[in-house]
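Me: Here is a structure I would like to go through by question and answer. Start with the term for burial, then take the helices and single residues in turn.

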Amino acid sequence: MARPSRYPLELRRRAVRMAAEVRDDHPNETAALQAVTDKLGIAARRCGTG
């Protein structure tokens, strides 16, 4: 089961809106999300054990 986000709901909503706006400027969804997290100044959590 996924853990609840530690980020406030409004920040998550803003990030989703920003990702939708920049999506066409990037080759894939991951790159768009990285651009948004960089702009917001938050570190994206990496999944996996790598």
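Reply: Buried means under 20% relative accessible area, exposed means over 50%, and partly exposed lies in between. The model discussed here is predicted.

Me: Is Leu-40 buried or exposed?
Reply: Leu-40 is in helix 2. The cut-off for buried is under 20% relative accessible area. Leu-40 has a relative accessible area of 19%, so Leu-40 is buried.

Me: Which residues does Leu-40 touch, not counting residues up to four places away in sequence?
Reply: Leu-40 and Leu-11 are 29 residues apart in sequence, with their C-alpha atoms 9.0 Å apart in space. Contact requires heavy atoms within 4.5 Å. With residues up to four places away in sequence not counted, Leu-40 touches Leu-11, Arg-14, Ala-15 and Met-18.

Me: How is helix 1 oriented relative to helix 2?
Reply: The axes of helix 1 (residues 9–22) and helix 2 (residues 29–40) come within 9 Å and cross at roughly 130 degrees. That angle makes the orientation of helix 1 to helix 2 oblique.

Me: Is the crossing of helix 1 and helix 2 left-handed or right-handed?
Reply: Two packed helices are described by the angle and the distance between their axes. For helix 1 and helix 2 the angle is roughly 130 degrees. The handedness of their crossing is right-handed.

Me: How many residues in the contact of helix 1 with helix 2 are charged?
Reply: From helix 1, Leu-11, Arg-14, Ala-15, Met-18, Ala-19 and Val-22 take part, and they meet Ala-32, Leu-33, Val-36, Lys-39 and Leu-40 of helix 2. Of the residues in this contact, nine are nonpolar, none is polar, and the number charged is two.

Me: Which helix supplies the largest share of the largest nonpolar core?
Reply: The largest nonpolar core has five residues: Ala-15, Met-18, Ala-19, Val-36 and Leu-40. Helix 1 and helix 2 each supply at least two of them. The largest share, three residues, comes from helix 1.

Me: Which residues is Val-36 in contact with, leaving aside neighbours within four places in sequence?
Reply: Val-36 belongs to the largest nonpolar core. Leaving aside neighbours within four places in sequence, the contacts of Val-36 are Ala-15, Met-18, Ala-19 and Val-22.

Me: How far apart in space are Asp-25 and Ala-35, C-alpha to C-alpha?
Reply: Asp-25 sits in the loop between helix 1 and helix 2 and counts as exposed at 62% relative accessibility. Ala-35 lies in helix 2 and is partly exposed at 24%. The two are ten residues apart in sequence, and their C-alpha to C-alpha separation is 10.0 Å.

Terms used: Residues numbered from 1 in each chain as written. Predicted model: local features only at pLDDT ≥ 70, side-chain atom pairs only at ≥ 80, totals over all residues. Heavy atoms only, no water. Axes fitted to C-alpha atoms, helices over the stretch in contact; angles between N-to-C directions. Helix = DSSP H or I, 4+ residues; strand = E, 2+ residues; numbered from the N terminus. Parallel < 35°, antiparallel > 145°, perpendicular 65-115°, else oblique. Left-handed = near helix turned anticlockwise from the far one by under 90°. Nonpolar A, V, L, I, M, F, W, Y, C, P; charged D, E, K, R; others polar. Core = buried A, V, L, I, M, F, W, Y, C linked by side-chain atoms within 4.5 Å. Buried < 20%, exposed > 50% of the residue type's maximum accessible area, 1.4 Å probe, protein only.
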